[in-house]
Protein chains: 4
Amino acid sequence: MPVLPHNPDPAFNLTRLSHVVLTSRDLDATRAFYETGLGLEVTGQDAERLYLRALEETSHHSLVFEKADAAPGVCRAVGCRVAQEADLDRAADHLAGLGRAADFVERPFQGRTLRFRDPAGVCVELCATMEQRDSRMQQFHLHRGGRLAFMDHVQINTHDVDATYAFYADLGFRLTEYTTGDGNDEMIAVWLKRKNNTQDLVYSRGPGPRLHHFAYHTPEIANVVHAADVMGALGLGQTMDRPLGRHGIGNAFFCYFRDPDGHRIEIFTSHYTVIDANQAPRRWEIGDTRRSQLWGFPAPRKWFAEATHFDGVDLTQPPPGPGPMTLEEYLARWS
Amino acid sequence: MPVLPHNPDPAFNLTRLSHVVLTSRDLDATRAFYETGLGLEVTGQDAERLYLRALEETSHHSLVFEKADAAPGVCRAVGCRVAQEADLDRAADHLAGLGRAADFVERPFQGRTLRFRDPAGVCVELCATMEQRDSRMQQFHLHRGGRLAFMDHVQINTHDVDATYAFYADLGFRLTEYTTGDGNDEMIAVWLKRKNNTQDLVYSRGPGPRLHHFAYHTPEIANVVHAADVMGALGLGQTMDRPLGRHGIGNAFFCYFRDPDGHRIEIFTSHYTVIDANQAPRRWEIGDTRRSQLWGFPAPRKWFAEATHFDGVDLTQPPPGPGPMTLEEYLARWS
Amino acid sequence: MPVLPHNPDPAFNLTRLSHVVLTSRDLDATRAFYETGLGLEVTGQDAERLYLRALEETSHHSLVFEKADAAPGVCRAVGCRVAQEADLDRAADHLAGLGRAADFVERPFQGRTLRFRDPAGVCVELCATMEQRDSRMQQFHLHRGGRLAFMDHVQINTHDVDATYAFYADLGFRLTEYTTGDGNDEMIAVWLKRKNNTQDLVYSRGPGPRLHHFAYHTPEIANVVHAADVMGALGLGQTMDRPLGRHGIGNAFFCYFRDPDGHRIEIFTSHYTVIDANQAPRRWEIGDTRRSQLWGFPAPRKWFAEATHFDGVDLTQPPPGPGPMTLEEYLARWS
Amino acid sequence: MPVLPHNPDPAFNLTRLSHVVLTSRDLDATRAFYETGLGLEVTGQDAERLYLRALEETSHHSLVFEKADAAPGVCRAVGCRVAQEADLDRAADHLAGLGRAADFVERPFQGRTLRFRDPAGVCVELCATMEQRDSRMQQFHLHRGGRLAFMDHVQINTHDVDATYAFYADLGFRLTEYTTGDGNDEMIAVWLKRKNNTQDLVYSRGPGPRLHHFAYHTPEIANVVHAADVMGALGLGQTMDRPLGRHGIGNAFFCYFRDPDGHRIEIFTSHYTVIDANQAPRRWEIGDTRRSQLWGFPAPRKWFAEATHFDGVDLTQPPPGPGPMTLEEYLARWS
């Protein structure tokens, strides 16, 4: 599939990825993981729900956990923000025009919220506003763990990257980086964004829909390392899912963890800015190990294979195709 | 003056501050200062012009020096990017409608470029495209000095903050932080932005128009310190114009230098994101020293008083009003 | 005075600066400053005493506050460690041989402790052991503020640098850096050390004896900045006594604060190692502003003029001599 | 084997690990790896030898490569410094008394140099002085790569940890951390030091003598990451031998590389200080994976199995015993 032209005049103005709604079997264990370990702020908790946000965020939440008995946990929604209330109505009209069901739902602490399923089967919810309160950005004495700054993006596995890419490109999402087959233009993964950096939504080929991970940005390399140290000190070292590395794609210095319900979180630093009309997307081939790790050590098999299912959607298998090298294969080749 | 509503549908889509055009009496001395000292990349130099850019930038330049004999140097243009070529035509129409002269000019390495004067008297030039080439972002062995990442904003003194603010608010610029008089709503300085962080253009009250400084972002605190160390090691320590500090406004960890022609550059880290519709601007009063420095030590008098004139424009004095405390006053109060 | 040869076989083996004993009018306020602000660990507190230590330290305390009504606070002792118990007896003999009074005193949490006055009039106490307990070094979740790692050195004003230098050189202290008059060999300040970096005890000319400051090391530049941010966030920004800078001498990236009783603390990073026999000391002249600040901005007058008195000792004035440039003079010269 | 008492009065005063002498088949390739990649300074090169040192070092070299055709490269000497010239004579006497051959040899840029083999079979050379010249510590514009500060330690495999430990303990080396069997006191690895941090010489059980690695310290976490980034950018990412991690032992944040001749270098930050008489060594059991990596991911098999042979010494196999978990085993257990 070719790179699609960027739609400068989409039907409505979706501005950024905003939040993720997941399930947890034990809200207290989840809270310990994210608050005591990684340093997110708890903005609300009751018997049914736990709300968290990061240091820069003035909105009420960027991460919501709902109590549920499912094991492992599932994802209930990926939330995006639109620019204005009127964009919600335009979105409803647009989705209706596409024959895609969308309904307004109630969400605590959020303004009017419109829910629909995207072509990958992901439940997306849109709102223009969320309850505001001062962030902890300048309450430096309350910074903890990885000093996470803001929710940046999600990566989602889908059986149909092409259809999903086309859907979001039409909504004004711009391709910044992408992975193809080796020597061909088959789209294997697409980094799509509305805000100024390289991604809000990443879709990559795999049994889907599944949430591969969600990611928080932090402003310093040492913060990522400190998060790892804190997790180790708390006896949570085994929750590290992929050790520190540098993605070729997006330039992120990263570390990945799995929470008590198996959800994967990335904390990273060093994104870059993409705004200008004629900045071309960067192309990587699946066989290039620098794609996912500039330094040589690729991700473990588990990192590629496991992901969070979406609530109420069956998995669809993608067409077969080449996959990236795993750490296990890398080590075997070494010997 | 009250906070103006954010115009969600401006006449044309200006996306960000892009570049600054300044004069230099000695392009080689200027090059040494910015390339050897602060770590910018030289993308072109001839007898008349020097072009520089930062690590993330794929566009040809974010800083242009033109050879001139004026001492001290002057500013010839502040450059902004628009989203599409068509936005340039919309801009021309819009400015004509306002009775404001605007003409297309030739600029090397840039697409069509539209030039006009804003209400502050600043010469602004707009373009949609600039020549692209791979950045040095992942050529880590070429990172030098402060590892400057991208041109972020300019701060400009003007005699008429209100008129300038109204002009840019109408163009879709959003107010993120602002300074008022003590206990009143007089606008003394406005942080205006189009991209996702807190500022592209900052206008503050003073004899104007003058360019107070332009600012590059770098991703780590230690990079700002390393820039200072490198400048010291090169015998350029005396060019530091204001020592390391933390702005209350915008949360920037900063350092300021003056180049060989007296132009002031800020290098900083730790901006934050502003995108959502209902995130309110932050208000500061001029008498609050935490505005400009969270830790107590305000800026020297010279930092407030000196700035780069704009080419071909006479200064206009602002109405009298309260000014911030200087370092000299702070030290005198201490004794 | 010339650089003295390093005594490789001193009468006893003093190994490092260990701790400082100060007075406080309000132990709770002192605790808030050092624990909540700068991140030291409280290892003991009762109505009369407060004990603190840093992240790497396994010994019980490196900072002791004794309740007292004196305002401003005074210093009661500078503590040093010796290698073995037997060194205490050798020290007692050696001091007796010099005609210098020394007596063993009881100190909670310390082994046998020998107290004497040095030629500057400073009350020095020596011990070989202190109560041990695991440090917080790998309890990363408990790291706070500036993540201070260990007590590194003290700087003391004295009227007689020469006599003090000779006394400590004879005890095996080695000169690593020093300040002389401009163009002469008058010793104005001496950096003396037993451990592997550049200083344990610094003596500089001034009305004395007074404790100019004590200093903790932290391993990252961003930690020093975070300490400043935390102090600002806690409303303690005005306690900053000298803003961030880089000493030419010792290469320290520093920040200074004054505690509630006026005692001055430096937090710094980037010391360097001095071990080898033929590494020569570095000489600086008093008129060289790079001595105290590589980047140009010298210290405020207050930083040079104020210091903590020692309990029960009258001040002696030094002979007149040249002093370093102050920030006030620097700024005046700028205008 | 029990922890041995620390000998406070050794026969001569060895002060620190100083340098390593290795062979290289291609001095230019070696130079590119260490100078362009990791940022060491070349202080001399001719057809036969290459000398390098780090930023803090005023001595002529801490790393010497001698041209040789052997593949893979071998280690020719581990160099240590003694306090005074007289210590060399005391060392010669002491070694003679032990029936251990030692002879004075000529080494360019070094003072008198005494060579002997230790009980592990390692060729050790001692000198009191080395040619001095100003370091690049404050020439910040010349800092490159990982900004390596000083040579810190070597780790050596030996068939007889007990004998080697006893030999060095008698020379005044102090045990700071150590690994035993699970539930017994068998010494599997010993961290031995003379200078103020946790190690100069580390001996661990394995076919020996082999140099497992030598290690340079750098003062910031981000420097270790930058070294990895630079190596990746130079196409040397595949030389990374073990990815970023945090050792439980010694608290080092580390990364390991293999040079063109297969020699392994560690770059690390965050050592800690050990000076006081009654600070007890830390004990770890071989089965505790936090020993080598606080976060869970142990080292690849290759990291444990491969090491540099010493010139002219045959390998001796150690008695069989338990080994640590490898990354391969860790990943297999995960699946």
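## Exercises on a predicted three-chain model

Phe109(A) sits in the loop of chain A that runs between strand S6 (102–105) and strand S7 (113–117). The structure is a predicted model, and the exercises below start from this loop.

### Exercise 1. Two residues with positive phi

Task: Describe the backbone and the burial of Phe109(A) and of Asn251(A).

Solution.
- Step 1. The phi of Phe109(A) is positive, about 70°, although the residue is not a glycine.
- Step 2. Residues with a relative accessible area under 20% count as buried, those over 50% as exposed, and those in between as partly exposed. Phe109(A) has 32%, so it is partly exposed.
- Step 3. Asn251(A) is found in the loop between strand S14 (240–246) and strand S15 (253–258) of chain A. It is not a glycine either, and its phi is positive at about 65°.
- Step 4. With a relative accessible area of 5%, Asn251(A) falls under the 20% limit and is therefore buried.

### Exercise 2. The fold of chain A

Task: How many helices and strands does chain A have, and is the chain compact or extended for its length?

Solution.
- Step 1. Chain A holds 6 helices and 18 strands.
- Step 2. Its radius of gyration is 19 Å, and the globule rule gives 20 Å for 335 residues; the two values are close, so chain A is as compact as a globular protein of that length.
- Step 3. The C-alpha trace of chain A spans about 55 × 50 × 40 Å along its principal axes.
- Step 4. Of the 335 residues, 64% count as buried.
- Step 5. Take the contacts in chain A between residues at least 6 apart in sequence: 70% of them join residues at least 24 apart.
- Step 6. The exposed area of chain A is about 10600 Å², with 49% of it supplied by carbon and sulfur atoms.
- Step 7. Chain A has 35 positive and 44 negative charges, and the mean positions of these two sets lie 3 Å apart.

### Exercise 3. Helix H3 of chain A

Task: Which residues of helix H3 (residues 161–170) of chain A are buried, and what is the phi of Gly172(A)?

Solution.
- Step 1. The buried residues of the helix are Val161(A), Thr164(A), Tyr165(A), Phe167(A), Tyr168(A) and Ala169(A).
- Step 2. Gly172(A) follows H3(A) and has a positive phi, near 95°.

### Exercise 4. Chain B: one buried side chain and two cis bonds

Task: Place Phe12(B) in its chain, then locate the cis peptide bonds at Pro72(B) and Pro209(B).

Solution.
- Step 1. Phe12(B) belongs to the segment before strand S1 (14–24) of chain B. Its relative accessible area is 2%, so it counts as buried.
- Step 2. Leaving aside residues up to four places away in sequence, Phe12(B) touches Val82(B), Asp87(B), Arg90(B), Ala91(B), His94(B), Leu126(B) and Leu171(B).
- Step 3. Arg333(B) is 321 residues from Phe12(B) along the chain, and their C-alpha atoms are 50 Å apart.
- Step 4. The bond from Ala71(B) to Pro72(B) is cis, with omega near -5°. Pro72(B) is in the loop between strand S4 (63–67) and strand S5 (74–82).
- Step 5. Gly208(B) and Pro209(B) are also joined by a cis peptide bond, with omega about 10°. The loop that holds Pro209(B) lies between strand S12 (201–205) and strand S13 (210–217).

### Exercise 5. The contacts between chains

Task: Describe the contact of chain B with chain A, then that of chain C with chain B.

Solution.
- Step 1. Chain B and chain A each give 38 residues to their contact. About 3000 Å² is buried between them, 45% of it on carbon and sulfur atoms.
- Step 2. On the chain B side, Gln138(B), Asp276(B) and Asn278(B) supply 18% of the area that chain B buries against chain A, more than any other three residues.
- Step 3. Chain C and chain B each give 31 residues to their contact. The buried area is about 2600 Å², with 62% from carbon and sulfur atoms.
- Step 4. Trp295(C), Phe297(C) and Trp334(C) supply 25% of what chain C buries against chain B, more than any other three residues.

### Exercise 6. Met325(C)

Task: Where is Met325(C) in chain C, and which residues does Met325(C) touch?

Solution.
- Step 1. Met325(C) is in the loop between strand S18 (308–310) and helix H6 (327–334).
- Step 2. Its relative accessibility is 23%, so Met325(C) counts as partly exposed.
- Step 3. Not counting residues up to four places away in sequence, Met325(C) touches Thr289(C), Pro298(C), Ala299(C), Phe304(C), Tyr330(C) and Arg333(C).

Technical notes
Residues numbered from 1 in each chain as written. Chains lettered and ligands numbered in written order. Predicted model: local features only at pLDDT ≥ 70, side-chain atom pairs only at ≥ 80, totals over all residues. Heavy atoms only, no water. Helix = DSSP H or I, 4+ residues; strand = E, 2+ residues; numbered from the N terminus. Rg over C-alpha atoms; globule rule 2.2 N^0.38 Å. Buried < 20%, exposed > 50% of the residue type's maximum accessible area, 1.4 Å probe, protein only. Contact = heavy atoms within 4.5 Å. Areas by Shrake-Rupley, 256 points an atom, 1.4 Å probe, with all protein chains shown as cover. Lys, Arg positive; Asp, Glu negative; His and termini not counted. Charge placed at Lys NZ, Arg CZ, Asp CG, Glu CD. Buried area = accessible area lost by both parts, 1.4 Å probe.
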